[in-house]
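Reader: I would like to go through this model by question and answer. Where do we start?

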Amino acid sequence: MLRLWLRASFRLGGVLRPQATLRRAGDLFCTPFPSSRERALAAPTGRAAEADLDLAGQHIHTYVWGDPQVQPYVLFAHGWSSHGTRFLPWVEQLRAGGYAVVAFDQPAHGRSSGRRATLPEFAQTLAAVGQRFGPAAALVGHSLGGAAAAIAMARGLAVERAVLIAPAADPVDAALRFARVVGLPARLRRRMVAMFESMVGTSFAEYQAQNNAPRIARPALIVHDLDDREVPWAEGERYARYWPDSRLLSTRGLGHNRIAQHEDVITAALRFLRGETVGQRVVSTPELPYGIA
């Protein structure tokens, strides 16, 4: 019922007050679901050491298991309307493998401050947290956190290996999917993208996978579900196609969210961190637009 009302209001607003409706769409697009904070406050932390980092005026809440100063550590980057402790199912196995673990809540998420967030802020915050804790043995990012991971690594974040789970590859497509979901009239959708670009101060092309992945000289495992209804499998395939040292692990039936906590995915990621070959190599040539070797 709420979604029907939202779509009707955007359709009507697009006709009667297009500019105000575009501003409303921009605000909604950059505002996480309020339930994100509720879930974070209710979620167990697994006896993590918690602290707040002051980053560019934002209080960013961190969760640490083990000692990243003396142990190799794995850094986690959550997705939109999520929180750092959603990766708790990974912690026990990583700790048993000799790793420390660091997670955090992005701006406007979980226990961190702020009301709105964008993909550039996701990437900047991730890079800042990584710099505070030092070079990571691995970086695991889910959904928008996967996109932020690729952007931060392309810009110099020190990470030995990356695991991207259901990573978003294209903010233009994400914005257009959002516009369709809320019912924004088709004639306003490209104007909305232009408005978003004006808000963040740069072209969305700067954040597309094909413009970042080729610049990363570290191995990556891309994990994506064929039945993902939020971020299409093709976006994970795009990362694997453009990331020079990467492999693609496709799952079925795990969707967009369950995949980030599934035991089989955690096991595959741990094998990858040990240096084992996991997934398939995606290749691309002018004659073969994409294929799997």
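Author: A salt bridge here is a side-chain nitrogen of Lys or Arg within 4 Å of a carboxyl oxygen of Asp or Glu. The model is a predicted one. By this rule, the number of salt bridges is 11.

Reader: Which residue does Arg177 meet in a salt bridge, and at what N to O distance?

Author: Arg177 sits in helix α7, and the pair links distant parts of the chain, 58 residues apart. The other end lies in helix α9. The N to O distance is 2.9 Å, and the partner is Glu235.

Reader: Is Glu235 buried or exposed?

Author: The cut-off for buried is under 20% relative accessible area. Glu235 has 3% relative accessibility, so Glu235 counts as buried.

Reader: Which residue forms a salt bridge with Arg238?

Author: The closest N and O atoms of this pair are 3.2 Å apart. Arg238 lies in α9 and its partner in the loop between β6 and α7, so the bridge ties together parts that are 68 residues apart in sequence. Both ends are buried. The partner is Asp170.

Reader: Are Glu276 and Arg271 buried, exposed or partly exposed?

Author: These two form a salt bridge, with the closest N and O atoms 2.9 Å apart. Partly exposed runs between the cut-offs of 20% and 50%. Glu276 has a relative accessible area of 35%. Arg271 has 31%, so Arg271 too is partly exposed.

Reader: Which residues are linked with Asp27 in a network of salt bridges?

Author: The network holds Asp27 and two arginines. They are Arg115 and Arg116.

Reader: Why is helix α6 largely enclosed by the rest of the structure?

Author: Helix α6 spans residues 144-154. Its residues, including Leu144, Ile151 and Met153, are buried. They pack against β3, α5, β5, β6 and α9. The helix is largely enclosed because the buried count is 11 of 11.

Reader: What is the phi of Gly156?

Author: Gly156 comes just after α6. Its phi is positive, at about 110°.

Reader: How many residues does α6 give to the largest nonpolar core?

Author: The largest nonpolar core has 48 residues. Those with the most contacts inside it are Leu75, Leu126, Val129, Leu139, Tyr239 and Trp243. α6 gives the most to this core, and its share is 9 residues.

Reader: Which residues of α6 does Leu126 touch?

Author: Residues up to four places away in sequence are not counted. Among the contacts of Leu126 are Leu75, Phe104, Leu139 and Leu157. Those that belong to α6 are Ala148, Ala149 and Ala152.

Reader: How many residues of strand β4 are buried?

Author: Strand β4 spans residues 100-104 and is mostly covered. Ala100, Val102 and Phe104 point one way, and Val101 and Ala103 the other way. Both sets are buried. The count is 5 of 5.

Reader: In what sense does β4 pair with β2, and in what sense with β3?

Author: β2 and β4 pair over 4 bridges, and Val102 is the bridge partner of Val64. β3 joins β4 by 3 bridges, with Tyr73 opposite Ala100. The sense is antiparallel for β2 and parallel for β3.

Reader: What is the hand of the β-α-β crossover from β3 to β4?

Author: The chain leaves β3 and passes through helix α4, residues 88-96, to reach β4. The crossover is right-handed.

Reader: Why are the buried residues Trp90, Val91 and Leu94 on the same side of α4?

Author: An α-helix has 3.6 residues a turn, so residues three or four places apart point the same way. In α4, Trp90, Val91 and Leu94 are buried. They lie on the same side of α4 because the arc they cover around the axis is only 110°.

Reader: Which residues are exposed on the other side of α4?

Author: The buried residues of α4 are covered by elements including β2, β3, β4 and α10. On the other side, the exposed residues are Glu92 and Ala96.

Reader: How far apart are the C-alpha atoms of Thr118 and Val200?

Author: Thr118 lies in the loop between β4 and α5. Thr118 is in contact with Cys30 and Val200, leaving aside neighbours within four places in sequence. Thr118 and Val200 are 82 residues apart along the chain. Their C-alpha atoms are separated by 7.7 Å.

Notes. Residues numbered from 1 in each chain as written. Predicted model: local features only at pLDDT ≥ 70, side-chain atom pairs only at ≥ 80, totals over all residues. Heavy atoms only, no water. Buried < 20%, exposed > 50% of the residue type's maximum accessible area, 1.4 Å probe, protein only. Helix = DSSP H or I, 4+ residues; strand = E, 2+ residues; numbered from the N terminus. Contact = heavy atoms within 4.5 Å. Core = buried A, V, L, I, M, F, W, Y, C linked by side-chain atoms within 4.5 Å. Pairing = 2+ DSSP bridges. Right-handed = clockwise from strand over helix to strand, strands pointing away. Arc of directions from axis to C-beta.
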